[in-house]
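Hi everyone, thanks for coming along. I'd like to walk you through one structure today, at an easy pace, so please keep the picture in view while I talk.

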Amino acid sequence: MIPFLENVTRGRNIPRERLAEVGEHYYLFGGVSPINQQCRDLIAALRTRFEAESAEPLLRLPIYWGNRNWQPYIEDTVARMAKDGVRRVIALATSAFSSYSSHRQYLEDIDRARRAYGPEAPEIDLIRPYFDHPGFIDSFVDTTRTALAELPPDLRTQARLLYSAHSIPVTMAQLSGDPAIDYGSEGAYVAQLSEVARLVTERLAAAQGYELPYELVYQSRSGPPSQPWLEPDINDRLRELAAEGVTAVVVVPHGFVSDHMEVKFDLDVEASQTARDLGIAMTRARCPGTHPAFVAMVGELVAERTRGDPPAGLSRHTSRVHVCPPDCCRKNQPQAAT
Ligand SMILES: CC1=C(CCC(=O)O)c2cc3nc(cc4[nH]c(cc5[nH]c(cc1n2)c(C)c5CCC(=O)O)c(CCC(=O)O)c4C)C(CCC(=O)O)=C3C
Ligand SMILES: [Fe+2]
């Protein structure tokens, strides 16, 4: 696990103790990240879907898979595609939101892999942030309904919805998105997370016939304590909610696409334990994974990009362009860039 963790955090300011601690989370689950199998499952579901879509020859495309931090590495996948004669690629990141970590870094790593291969590397167009696509929203509405139904009946109408996303440094959050667009003082990442929480809550209310209060929380913080990251942490917030008399929560990990380690450990083990200790009933909505609405969305995004249709989305923060301008989703202020 350690080489993988070193890959993820190379060049970042992450304490060694944090790596050792996160390594333990993986050992608890057999010393293997669940994310590779989740990628294989998504690809299998996409193949089935793309093959069934006989009316849409555009989608009868071969599918490849590359990781940023582990095998199969993007570098190897780029080489394999080039050898297979692939000239144009449309890439989907398993990450739906704007920010350096959730979007720009994918672009950079794809670029690096292409440069490493050389001028014969295929062209690769990364699909824009798709956080408010109806397929992403509706898969969360569906899994949140299921999670709500897992609460004891008498608690369901009193539950609080906690929408949980990966915390990132506050500076990174403020620099997220397109600098020419006003997302409010917190930046695109938080604005997009807020919109998804609102949309899922509204559609859930329409389906259930009653509305639940909701809020944003963050999880999986790393980095030194001296650096401000997005808050509140889900565990801290659970303590406050218990003090306020809240008895049930449904956690919706809307910042993620599949139930990987940040979800399985930080929510299903850690936050669940916090809730248990506080006497709060907690259930957790599944991430999209291979949900049919999410799988269908991938087909729609590929078709959208191939045709050059305007980006589809349900919120006022829907991406306006397919290719982000070079100064969007920076990591640091320009003068501090490394
Ligand atoms: C925004 C965001 C997403 C969601 C968007 C997306 O999915 O892209 C995400 C997903 C993921 N993060 C993952 C794993 C890790 N992330 C780390 C560290 C970090 N993540 C960050 C941000 C994000 N991360 C940041 C700002 C850091 C600090 C270091 C840095 O500035 O880059 C570390 C180092 C140890 C630690 O500090 O926790 C690990 C091991 C896995 C794989 C899980 C599995 O194996 O199942 C997944 C899907
Ligand atoms: Fe991460």
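Let me start with a definition: the expected span of a helix is 1.5 Å times one less than its number of residues. Now we can try that on α6, which covers residues 134–149. With 16 residues, α6 should span 22 Å, and its end C-alpha atoms are 22 Å apart, so the two values agree.

I should say right away that this is a predicted model. How confident is the predictor? The protein averages a pLDDT of 94, and 97% of the residues score at least 70. For the complex, the predictor gives an ipTM of 0.94 and a pTM of 0.96.

Back to α6, then. How many of its 16 residues are buried? Here a cut-off helps: a residue counts as buried if 20 or more other C-beta atoms lie within 10 Å of its own. By that rule 12 of the 16 residues in α6 are buried, which makes this helix mostly covered. Among them are Phe136, Ile137, Phe140 and Val141, and the list also includes Asp138 and Asp142.

Let's take Phe140 as a bridge to another part of the chain. Its partner for this comparison is Val249, 109 residues away along the chain, and their C-alpha atoms are separated by 16 Å. Val249 sits in strand β5, residues 248–252. Is Val249 buried or exposed? It is buried, because 29 other C-beta atoms lie within 10 Å.

Now for a second helix, α3, residues 35–52. The same arithmetic works here: 18 residues should span 26 Å, and the end C-alpha atoms of α3 are 26 Å apart, so that agrees too. Which residues of α3 are buried? They are Leu42, Leu46 and Phe50. If you look down the axis of α3, its buried residues fall within an arc of 65 degrees, so they line one face of the helix. Here is the general idea behind that. An α-helix has 3.6 residues a turn, so residues three or four places apart point the same way. And on the other side of α3, you'll find Gln37, Arg40, Thr48, Glu51 and Ala52 exposed.

Next, the ligand. How many residues surround ligand 1? There are 26, and the closest are Ser33, Ser95, Ser222, His260 and Met261. Sorted by class, this shell has 10 nonpolar, 13 polar and three charged residues. Helices α1, α2, α5 and α10 each supply at least two residues of the shell. Both domain 1 (2–131 + 293–336) and domain 2 (134–284) contribute at least three residues each.

Let's look at two buried residues and a partner for each. Ala96 is in the loop between β1 and α5. With 26 C-beta neighbours inside 10 Å, Ala96 counts as buried. Ala96 and Asp132 are 36 residues apart in sequence, and 8.4 Å apart in space, C-alpha to C-alpha. The other one is Val190, in helix α8, residues 188–208. Val190 is buried as well, because 24 other C-beta atoms lie within 10 Å. Val190 and Ser98 are 92 residues apart along the chain, with their C-alpha atoms separated by 9.2 Å.

I'll finish with some backbone details. Which residues does a cis peptide bond join? One such bond joins Gln71 and Pro72, with omega about -5 degrees. Pro72 lies in the loop between α3 and α4. The peptide bond from Glu231 to Pro232 is cis too, and omega there is near 5 degrees. You can find Pro232 in the loop between β4 and α9.

That loop between β4 and α9 also holds Ser220. Ser220 has a positive phi of about 60 degrees although it is not a glycine. Ser220 is buried, because it has 23 other C-beta atoms within 10 Å. Cys329, in the segment after α12, likewise has a positive phi, about 55 degrees, without being a glycine. Cys329 is buried, with 29 other C-beta atoms within 10 Å.

That's my tour. Thanks for listening!

Terms used
Residues are numbered from 1 along each chain as its sequence is written. Chains are lettered from A and ligands numbered from 1 in the order in which they are written. This is a predicted model: local features need pLDDT of at least 70, side-chain atom pairs count only at pLDDT 80 or more; totals for chains, interfaces and linings use all residues. A residue is near a molecule or strand if its C-beta atom, placed from the backbone, lies within 6 Å of it. Helices (H or I, at least four residues) and strands (E, at least two) are DSSP runs, numbered from the N terminus. Ala, Val, Leu, Ile, Met, Phe, Trp, Tyr, Cys and Pro count as nonpolar, Asp, Glu, Lys and Arg as charged, and the others, Gly among them, as polar. Domain bounds come from an automatic or database domain assignment. pLDDT is the predictor's confidence in each residue, from 0 to 100. The arc is that of the directions from the helix axis to the C-beta atoms.
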